[in-house]
Amino acid sequence: MNGDEQMLNGRVYGAEHDDPHPGPLPHRAFAELVGGPLDGLLLDIHGWRTEEVDDGVALSTELGRWPGGRALYDPRPGEPARPARA
């Protein structure tokens with residue numbers, strides 16, 4: 001694991017880089033990002049409908065092959081969607 005990966009591990013996507021508490025909040029639902037440049041980040045899916053979770057997401061990122069592009073993430077095959085109720 002390189003320094004960038006260590007920095008991202010356990011942080012919430014969209015949290016400020018200098019946030020003293022960038023981790024998840026206990027009363028919210030999160031999905032772990034796996035299989036792209038944002039690996040190790042957590043995505044806050046609190047209040048998302050099951051259909052929204054199942055559709056996947058395109059997230060803006062400066063990491064990866066094309067900085068300023070999007071990283072596409074889909075749910076893991078066979079893993080049930082568990083969004084939190086709003």
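These legends describe views of a predicted model of one protein.

**View 1. Overall fold of the predicted model.**
The protein has 2 helices and 4 strands. Read from the N terminus, these elements follow the order α-β-β-α-β-β. The chain holds 86 residues, and 23% of them count as buried. Its exposed surface comes to about 6200 Å², with carbon and sulfur atoms supplying 51% of that area. Among contacts between residues at least 6 apart in sequence, 45% join residues at least 24 apart.

**View 2. The largest nonpolar core.**
This core is made up of 10 residues. Leucine appears in it as Leu33, Leu38, Leu41, Leu43 and Leu59. The other members are Ala29, Ile45, Val53, Ala71 and Tyr73. Each of these residues is buried, because a nonpolar core is defined as a set of buried residues joined through side-chain atoms.

**View 3. Surroundings of Leu59.**
Leu59 belongs to the largest nonpolar core. Its neighbours within four places in sequence are left aside in this view. Beyond them, Leu59 is in contact with Leu33, Leu38, Leu43, Ala71 and Tyr73, which are also listed in the core. Leu59 also touches Tyr13, Gly69 and Arg70.

**View 4. The salt bridge between Arg28 and Asp44.**
A search of the whole structure gives 3 salt bridges. In one of them, Arg28 pairs with Asp44, and the closest N and O atoms are 2.7 Å apart. The two residues are 16 residues apart, and the pair links distant parts of the chain. Arg28 lies in the loop between α1 (3-8) and β1 (30-32), while Asp44 is in strand β2 (residues 42-44). Arg28 has a relative accessible area of 30% and is therefore partly exposed. Asp44 is partly exposed too, at 24% relative accessibility. Neither residue counts as buried, because that word is kept for values under 20%.

**View 5. A network of salt bridges at Arg49.**
Which residues are linked in a network of salt bridges? They are Arg49, Glu51 and Glu52. Arg49 forms a salt bridge with Glu51, where the closest N and O atoms are 3.5 Å apart. Arg49 also forms a salt bridge with Glu52, and here the closest N and O atoms are 3.7 Å apart. Both distances fit the definition, because a salt bridge needs the nitrogen and the carboxyl oxygen within 4 Å. Glu51 is partly exposed, with a relative accessible area of 48%. Glu52 is also partly exposed, at 31% relative accessibility.

Note on methods. Residues are numbered from 1 along each chain as its sequence is written. This is a predicted model: local features need pLDDT of at least 70, side-chain atom pairs count only at pLDDT 80 or more; totals for chains, interfaces and linings use all residues. Side-chain values use heavy atoms; hydrogens and water are left out. A nonpolar core is a set of buried Ala, Val, Leu, Ile, Met, Phe, Trp, Tyr and Cys residues joined through side-chain atoms within 4.5 Å. Buried means under 20% relative accessible area, exposed over 50%, partly exposed in between (1.4 Å probe, protein chains only). Contact means heavy atoms within 4.5 Å. A salt bridge is a side-chain nitrogen of Lys or Arg within 4 Å of a carboxyl oxygen of Asp or Glu. Accessible areas come from the Shrake-Rupley method with a 1.4 Å probe; for residues, only the protein chains shown count as cover.
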